[in-house]
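Me: I would like to learn how to read a model of this kind feature by feature, with the general idea placed before each case. Could we go through it together?

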Amino acid sequence: MTLPHPSASAPRLRFAPSPTGYLHIGGVRTALFNWLWARKTKGTFVLRVEDTDQERSTPESTQIIFDSLRWLGIDWDEGPEKGGAHGPYTQMERLGLYKEMSERLIANGKAYRCFCTKAELDAQREALKAKDPKATFRYPGTCRARIDQPDLPFVVRFRMPEDGAVTYVDKVFGEVVTPNTAQQDFVLIRAGGVPLYNFGAVVDDITMGITLVARGRDHMVNTPPQILLYQAFGAQLPEFAHLPMMLAPSGEKLSKRHGAVSVTEYRDQGYAPGAVLNYLVRFGWSAGDQEVFSVDELIEKFDWAHCGKGDGKFDAKKFLAIEHEHLRSTRLVPDDDYVRQVLPFLAARGIEEPSTDIVRAALPAIRDRAHTFKEAADLLDFFLRDEPVMDEKAAAKAFVPAAGKLLRGLIGALEEAPSWGEATLDEAIKAWADRDGIAFKDIAQPARVALTGRTASPALHQVLVVLGKDASLTRLARAASRAEAAV
């Protein structure tokens, strides 16, 4: 196989998740940085599935990765379900390639077959532990000089240089130097032919022409051995960028015990995809004082020069605040997008085919109040039913006999309004209240409960206009009758 030579003029970046469960938002942050740079530079974004953990990898988890990325709007140019010239894009379909590449290293003296059994290595570890409990076991090179090839299971190990160092310039952390003496003859391929992470990633990155490897700072330990593999193959090195970590508020590694960390959880809670990307991009990157961005702005502004080294702590309140800013903004979430994204949450409330015209008309009344699409669906609920779902405690308190007369008076004032618009209705209500000496607070709550079934809602004139004249008067009359019948 002739190895491709990446072209600096055509950046190629990749995201290579393992399908062993949900897609962690930390992984999405990695995907996002790669995707933004690919889109900014007119490069190629490759999706690759590293499914070599056969005990935990599942087709369901693979599908979650695809669905999550698509929901976020992170599209890939090459990869599963897309194809491309460098496939297949799942590692278990590339085992023949890994064998071929490992045999090349063996033939060139860069790797060797190791026949040591697990029992033999475990015994050596125990012996070292007994001698020095604090010592770290390193493979002693038992099979380095072995020339026989017994018919026994073997792994393939890399022949680590015994002197020198690996030096590279990280796009975030600057120059990094690692002495080769700090490494050991690491395993490339297991006895069953499945590659370990470092070997599989390097072979894939070389053969897929990846020009920039951007990933979490926790992978910095993998970079020196990977660079040695590039050199052993005579392949051109990509650039490397290691990103600061997303930590829990306590400073620990962020995990499920600290709250929602799965992309699908935020989707199901009703977060906007753009808001998720907006919050995640701030873990390791900034653009002055600007906090809220559209996706197009992120693509335009993103660069590596403004990536920081410091780890960040996950802040659920800040995340929700960013989400709220997105849902409030017609620039970030246009009305048509808002309607489309809130419909599934209305369906979950039993409102299967709502009038999209009513939903759109109600948006100005609820945008500032809703933090998520799930909350928006709750706020829209009473607009979309023939009768509002009544809070019975609120109704019992609001619909007392005295409220019946007030509601009848309000109905009369609204019927006399010259038109059914917000300003006209507001003026009609105020004029009636002033004329009859009625305090607005005395009519506001009975009217609100009558129209919406709840004690908190948008302004009355907004609710009246969205509901329309017939529905509004019907609800008020129904409440007036209930109040008049109260004992």
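Me: Which are the buried residues of α3?
Reply: Keep in mind throughout that this is a predicted model. Burial is read from relative accessible area, with under 20% counting as buried. In α3 the buried residues are L97, Y98, M101, S102, L105 and I106, and what covers them includes the strands β3 (111-114), β4 (155-158) and β7 (187-189), together with the helices α5 (197-207) and α6 (223-233).

Me: What should the 13 residues of helix α3 span at 1.5 Å a residue?
Reply: The expected span of a helix is 1.5 Å times one less than its number of residues. For α3, residues 95-107, that gives 18 Å, and the end C-alpha atoms are 18 Å apart, so the two values agree. Just after this helix, G109 takes a positive phi of about 75°.

Me: Which residues of β4 are buried on one side, and which on the other?
Reply: For a strand, one asks about each face in turn. Both faces of β4 are covered, since V155 and R157 on one side are buried, as are V156 and F158 on the other.

Me: How many bridges join β3 to β4, and in which sense do these strands run?
Reply: Pairing is read from the bridges between two strands, and at least two are needed. β3 and β4 run antiparallel and are joined by 4 bridges, with R113 standing opposite V156 in β4. β4 also pairs with β7, again in the antiparallel sense, over 2 bridges, and here V156 stands opposite I189 in β7.

Me: What covers the buried residues of a helix elsewhere in the chain, taking α15 as the case?
Reply: Length can be checked before packing. Helix α15, residues 401-415, has 15 residues and reaches 22 Å from its first C-alpha to its last, which is close to the 21 Å expected at 1.5 Å a residue. Its buried residues are A403, G404, L406, L407, L410, I411, A413 and L414, and these pack against α14 (392-398), α16 (422-436), α17 (440-452), α18 (460-467) and α19 (469-485).

Me: How many residues line the largest pocket, and which lie nearest its centre?
Reply: A pocket can be described by its volume, its lining and the character of that lining. About 1200 Å³ of space lies in the largest pocket, which is lined by 37 residues, with P17, S18, G27, D218 and H219 nearest its centre. The elements that give two or more residues to this lining are β1 (12-15), α1 (25-40), α5 and β8 (212-216), and α1 supplies the largest share, 4 residues. By character, the lining divides into 14 nonpolar, 13 polar and 10 charged residues.

Me: Which residues does a cis peptide bond join?
Reply: Omega is the angle to consult here. The bond between G87 and P88 is cis, with omega about 0°, and P88 has its place in the loop between α2 (59-72) and α3.

Me: Where does K42 lie, and is this residue buried or exposed?
Reply: The backbone angle and the accessibility can be read side by side. K42 has phi near 60°, a positive value in a residue other than glycine, and lies in the loop between α1 and β2 (44-47). With a relative accessible area of 74%, K42 is exposed, because the cut-off for that class is over 50%. E81 likewise has a positive phi, near 70°, in a residue other than glycine, and is found in the loop between α2 and α3.

Definitions and conventions: Residues numbered from 1 in each chain as written. Predicted model: local features only at pLDDT ≥ 70, side-chain atom pairs only at ≥ 80, totals over all residues. Heavy atoms only, no water. Buried < 20%, exposed > 50% of the residue type's maximum accessible area, 1.4 Å probe, protein only. Contact = heavy atoms within 4.5 Å. 1 Å grid on protein atoms, 1.4 Å probe; cavity = no way out; pocket = protein on both sides within 12 Å on 5 of 7 lines; lining within 4 Å. Points joined across faces, edges and corners; volume = space filled by probe spheres on them. Nonpolar A, V, L, I, M, F, W, Y, C, P; charged D, E, K, R; others polar.
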